[in-house]
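Student: Please choose a single part of this model and take me through its surroundings with care. I would like one connected account that then moves outward to the rest of the chain.

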Amino acid sequence: MGTDSREGFPADGEGPERVVRVDPFYIAPYAVTNAQFQQFVEETGYVTEAEQFGWTYVFHLFVSEETKRQVVSVPQATPWWYAVNGAYWAKPEGLDSDIGDRMNHPVVHVSWNDAEAYCRWSGQRLPTEAEWEYAARGGLERKTYPWGDLLKPDGEHRCNIWQGKFPVKNNASDGYEGTAPVDAYKPNGYGLYNMAGNVWEWCADWFTPAYHRATPNANPRFEQPTGIRSMRGGSYLCHRSYCNRYRVAARSSNTPDSSTGNAGFRVAFSAID
Ligand SMILES: [Cu+2]
């Protein structure tokens, strides 16, 4: 688990590389879809945090001229995110958008707390970072991506990331400007889809850059509250020039009530209780 590669971001705590052991577990082959999340909401009446706050972060190129009037703020450090009033999982780009043709895409604009609520309802849980990385590696060792070391083996796109000049022009040569269906591209060696790119996936752990030094080698899980939760996998906005985090060892985080148009989750459960 982890990497000492120079491609990595040491400040993220990607290393030191080490051998870890995880108990047997199951993990979903796909991220949770809009269709699945819709069923959860219909059965429970669950209201996401983005709906409670009244806004969520939408990538600027997806915001229509009309919806630009609903932009409440733009973060200085990441000006490609517009805080859009009225956007939430079912209206991912604001009030003039819908998910009708994206029911098999990953649900987005879900916070860590929302993901937890879905897991409780479905009798599952979020994977730990260790489980997630074990799954993402697909049986390979010390490789950069879920399928190997080359981003595009034989010229073939294997994941949904950014092509072109971030954040102004995504030429979408991988087929998608925003999210892709959860079963797009070839799966990894474990039959898991989109462990790299498409959407960031929430993990169970609290995030710390000290992760690899602070957790045991057996079933590591960082449980001391740090105020931010771990995410893995990268998204359709990742590009080598800016955020080379679609690698299996890469890590990121966000506060547990945050939601964005490029973050979702997949579920897991233990094989033995
Ligand atoms: Cu990224």
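Tutor: Let us begin with T179, which is found in the loop between β6 (169–170) and β7 (200–206), where helices (H or I, at least four residues) and strands (E, at least two) are DSSP runs numbered from the N terminus. The model is a predicted one, in which local features need pLDDT of at least 70 and side-chain atom pairs count only at pLDDT 80 or more, while totals for chains, interfaces and linings use all residues. Residues are numbered from 1 along each chain as its sequence is written, and side-chain values use heavy atoms, with hydrogens and water left out.

T179 counts as buried because its relative accessibility is 13%; buried means under 20% relative accessible area, exposed over 50%, and partly exposed in between, with a 1.4 Å probe and protein chains only. Not counting residues up to four places away in sequence, T179 touches R102, H105, P106, V108, N160, N198, V199 and Y236, contact meaning heavy atoms within 4.5 Å. With H105 there is also a polar contact, side chain to side chain, at 2.8 Å (a pair of N or O atoms within 3.5 Å; within protein, one must be able to donate a hydrogen and the other to accept it, and residues adjacent in sequence count only if both atoms are side-chain atoms). E17, by contrast, is 162 residues from T179 in sequence and 31 Å from T179 in space, C-alpha to C-alpha.

Several of these partners lead on to N34, which has its place in helix α1 (residues 34–44) and is buried at 3% relative accessibility. Leaving aside neighbours within four places in sequence, N34 is in contact with W89, I99, R102, M103, H105, P106, V107 and V108, so R102, H105, P106 and V108 appear among the contacts of T179 as well as those of N34.

The β7 strand that ends the loop of T179 also belongs to the cover of helix α4, where the buried residues are covered by elements including β1 (25–27), β7, α5 (211–214) and β8 (229–232). Helix α4 (residues 129–137) is largely enclosed by the rest of the structure because eight of its nine residues are buried, namely E129, A130, E131, W132, E133, A135, A136 and R137. Just after α4, G138 takes a positive phi of about 60 degrees.

As for backbone geometry, most residues other than glycine have a negative phi, and most peptide bonds are trans. Two non-glycine residues with positive phi are A172, at about 55 degrees, and R142, near 55 degrees. A172 lies in the loop between β6 and β7, which is also the loop of T179, and is partly exposed at 21%, whereas R142 lies in the loop between α4 and β5 and is exposed at 63%. Cis peptide bonds join F166 to P167, with omega about 0 degrees, and G15 to P16, with omega near 0 degrees; P167 lies in the loop between β5 (164–165) and β6, and P16 in the segment before β1.

Finally, the copper ion is coordinated by the SG atoms of C238 and C243 at 2.0 Å, where donors are N, O and S atoms within 2.8 Å of the metal (3.2 Å for Na, K and Ca) and, water not being among the atoms, sites may look incomplete. Both cysteines count as buried, C238 at 1% and C243 at 9%.
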